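These are my notebook entries on a single protein chain. I set down what I looked up, in the order in which I looked.

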Amino acid sequence: MMPFQVASDMGREAAQEVMDLFLSQAPEKKDQIATTNTVKVSTLLGEKFGGFWDVFIMGPRFSYSVYCRNYVQLSTSRIEVLICKESDVGFDSSGGGVDCHTPGFEISANDTISSSTEVITLPHFQQMRVTLKDGLDSSSFNKLGSLISSADFSKPVADALRKSAEEELGGGMWNIIVEEEKSANVQGFYYDYRRQLGFETLDKRWVIFAFDRRCRR
């Protein structure tokens, strides 16, 4: 199995356990890692460490900014995996959400796009394909779409979009993932949300994904 570089806020031993658990569910062939059963990984993490865990598998060109209570980042030259604890309690199937208002959330962010000298611009959001749209009224959809259309890729784009989304949409806990699809055909996401929106450019090069944590009210 491919060697990962590991970054975490959990300490070396716990991070190693998280990585070993993820790899126990990953296929032997490294080019099939996107088929890892992320639901199973999340379930096993909850059983071992408690709480509810998000799992995101990305290719080598990405930008993300995600709220986590704990995180482990697994990186290679071809794959990025973010494993993120979003709640100290297990998944709430009733839709009651997680406790977003107590201390413990930090931003896990990483970016491999802004270091490029390529000038990247996105088309207007109405000229992109909507891949996900849940829980957003038309005003919020237009505001978030406009922010995405004007995204600045010369700096860590996901972190800037996250901050702008929270300002424009009146709060929430927005999380952003931007990924170049052509760099590697990998996308395996498992997470919970209250609102979400996804766009894909018509040439299928870029995907932009935003979701708001389902906070308990």
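Entry 1: helix 2. Against which elements do the buried residues of helix 2 pack? I worked on a predicted model, and there I found them packed against helix 1, strand 2 (52–58), strand 5 (80–87) and strand 9 (188–190). The buried residues themselves are Thr-38, Val-41, Ser-42, Leu-44, Leu-45 and Gly-46. I then checked the length of the helix. Its end C-alpha atoms are 16 Å apart, which agrees with the 16 Å that 12 residues should span at 1.5 Å a residue.

I took Leu-44, which sits in helix 2 (residues 38–49), as a closer case. Its relative accessible area is 19%; the cut-off for buried is under 20%, so Leu-44 counts as buried. Leaving out residues up to four places away in sequence, I found that Leu-44 touches Leu-21 and Gln-25. I also looked up its separation from Gly-11, 33 residues away along the chain, and the two C-alpha atoms are 19 Å apart.

Entry 2: the loop after strand 1. Asp-9 lies between strand 1 (5–8) and helix 1 (12–25). Is Asp-9 buried, partly exposed or exposed? Its relative accessibility is 35%, so I recorded Asp-9 as partly exposed. Beyond residues up to four places away in sequence, Asp-9 touches Arg-69, Asn-70 and Tyr-71. For Asn-70, 61 residues from Asp-9 along the chain, I noted a C-alpha separation of 6.2 Å.

Entry 3: helix 3. I read helix 3 as residues 138–149, 12 residues reaching 16 Å from first C-alpha to last, close to the 16 Å expected. Its buried residues are Ser-140, Phe-141, Leu-144, Gly-145, Leu-147, Ile-148 and Ser-149. Which elements are included in what covers them? I listed strand 7 (129–134), helix 4 (157–168), strand 8 (174–180), strand 10 (195–200) and strand 11 (206–212).

Within this helix I looked at Phe-141, which is buried with a relative accessible area of 15%. Apart from neighbours within four places in sequence, Phe-141 is in contact with Phe-125, Val-130, Lys-133, Leu-136, Leu-197 and Phe-199.

Entry 4: Phe-125. The contact list of Phe-141 led me to this residue. Phe-125 is placed in the loop between strand 6 (106–111) and strand 7, and at 4% relative accessibility it counts as buried. What does Phe-125 touch, residues up to four places away in sequence not counted? I noted Phe-141, Asn-142, Gly-145, Ser-146, Ser-149 and Phe-199. The C-alpha atoms of Phe-125 and Phe-141 are 9.9 Å apart, with their positions 16 residues apart in sequence. For Phe-125 and Asp-203, 78 residues apart in sequence, I recorded 14 Å from C-alpha to C-alpha.

Entry 5: helix 4. This helix also appears in the cover of helix 3. Helix 4 has 12 residues and reaches 16 Å between its first and last C-alpha, close to the 16 Å expected. I found Val-157, Ala-158, Asp-159, Leu-161, Arg-162, Ala-165 and Glu-166 buried. Their cover includes strand 3 (62–68), strand 6, helix 3 and strand 8.

Entry 6: positive phi angles. Just after helix 4, I noted that Gly-170 takes a positive phi of about 70°. Lys-204, a residue other than glycine, has a phi near 65°, and I located Lys-204 in the loop between strand 10 and strand 11.

Entry 7: the whole chain. I counted four helices and 11 strands. The radius of gyration is 17 Å, close to the 17 Å that the globule rule gives for 217 residues, so the chain is as compact as a globular protein of that length. Its C-alpha atoms fill a box of roughly 45 × 40 × 25 Å along the principal axes. What share of the 217 residues counts as buried? I recorded 51%. Of the contacts between residues at least 6 apart in sequence, 69% join residues at least 24 apart. The accessible surface comes to about 10200 Å², and carbon and sulfur atoms account for 46% of that surface. Last, I looked up the charges: 24 are positive and 30 negative, and their mean positions are 2 Å apart.

Key
Residues numbered from 1 in each chain as written. Predicted model: local features only at pLDDT ≥ 70, side-chain atom pairs only at ≥ 80, totals over all residues. Heavy atoms only, no water. Helix = DSSP H or I, 4+ residues; strand = E, 2+ residues; numbered from the N terminus. Expected span 1.5 Å × (residues − 1). Buried < 20%, exposed > 50% of the residue type's maximum accessible area, 1.4 Å probe, protein only. Contact = heavy atoms within 4.5 Å. Rg over C-alpha atoms; globule rule 2.2 N^0.38 Å. Areas by Shrake-Rupley, 256 points an atom, 1.4 Å probe, with all protein chains shown as cover. Lys, Arg positive; Asp, Glu negative; His and termini not counted. Charge placed at Lys NZ, Arg CZ, Asp CG, Glu CD.
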